[in-house]
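Dear colleague,

I am passing on a structure that may be new to you, together with some notes on what turned up when I went through it. Please look at it first, and then read on below.

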Amino acid sequence: MNRSVDGKIVSMSNLSPAKDCSPMVLRGRISDPTFEQGTVRGFTLNQKGGEQHINVPALYDFPDPRQKAIARDGYSTLIRDGRTVTIKALFCGAAGKIVKMDAISTK
């Protein structure tokens, strides 16, 4: 997690435990975030040429309570409807149809 000089979270990385996936960097605007027990679990990334559903790693992927709290704070700060972000996406599964967020930045 990186913070700006004024202390705001501006990026997070190494979020997904996924293996054997193809990475790709995407930039777009967040829309339609979905939530599970108050925490974002996915969103649509609107890009030129289309949109892509992005899955957000679950908080239980972070076994350490401190890491879990940092992830929760970062998600709520960075993943907001209408915000433009750059993400590192992992395309997993058959034909890369499952897309998981591994990193996110507001830059």
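A good place to begin is a pair of side chains, those of Ser31 and Asn46, which are joined by a polar contact of 2.6 Å. Please keep in mind that this is a predicted model, and that the values here are computed from it.

Ser31 itself belongs to strand β3, which covers residues 22–36. Its relative accessibility is 10%, and because buried means under 20%, Ser31 counts as buried. If neighbours within four places in sequence are set aside, the residues in contact with Ser31 are Phe43, Thr44, Asn46 and Asp81, so that Asn46, the partner in the polar contact, appears in this list as well.

Following the chain onward from there, one comes to Gln37, which is placed in the loop between β3 and β4, the latter being residues 39–47. Gln37 is not a glycine, and yet its phi is positive, at about 50°. With a relative accessible area of 81%, Gln37 is exposed, since the term applies over 50%.

A second residue with a positive phi is Ala95, where the value is near 60°, again in a residue other than glycine. Ala95 sits in the loop that lies between β6 (84–92) and β7 (98–105), and at 74% relative accessibility this residue also counts as exposed.

As for the protein as a whole, which secondary structure elements does it contain? There are one helix and seven strands, and along the sequence they come in the pattern β-β-β-β-β-α-β-β, with the helix thus placed after five strands and before two.

How does the radius of gyration of the protein agree with that of a compact globule? For 107 residues such a globule would have a radius near 13 Å, and the protein, at 13 Å, agrees with this. Along the principal axes, the C-alpha atoms fill a box of roughly 35 × 30 × 25 Å.

Of the 107 residues, 40% count as buried, while the accessible surface comes to about 6,400 Å², with 49% of it belonging to carbon and sulfur atoms. Among the contacts between residues at least 6 apart in sequence, 52% join residues that are at least 24 apart.

Finally, on charge, the protein carries 16 positive and 10 negative side chains, and the centres of these two sets lie 4 Å apart.

With kind regards

Note on methods:
Residues numbered from 1 in each chain as written. Predicted model: local features only at pLDDT ≥ 70, side-chain atom pairs only at ≥ 80, totals over all residues. Heavy atoms only, no water. Helix = DSSP H or I, 4+ residues; strand = E, 2+ residues; numbered from the N terminus. Rg over C-alpha atoms; globule rule 2.2 N^0.38 Å. Buried < 20%, exposed > 50% of the residue type's maximum accessible area, 1.4 Å probe, protein only. Contact = heavy atoms within 4.5 Å. Areas by Shrake-Rupley, 256 points an atom, 1.4 Å probe, with all protein chains shown as cover. Lys, Arg positive; Asp, Glu negative; His and termini not counted. Charge placed at Lys NZ, Arg CZ, Asp CG, Glu CD. Polar contact = N/O pair within 3.5 Å; in protein donor to acceptor, adjacent residues only side chain to side chain.
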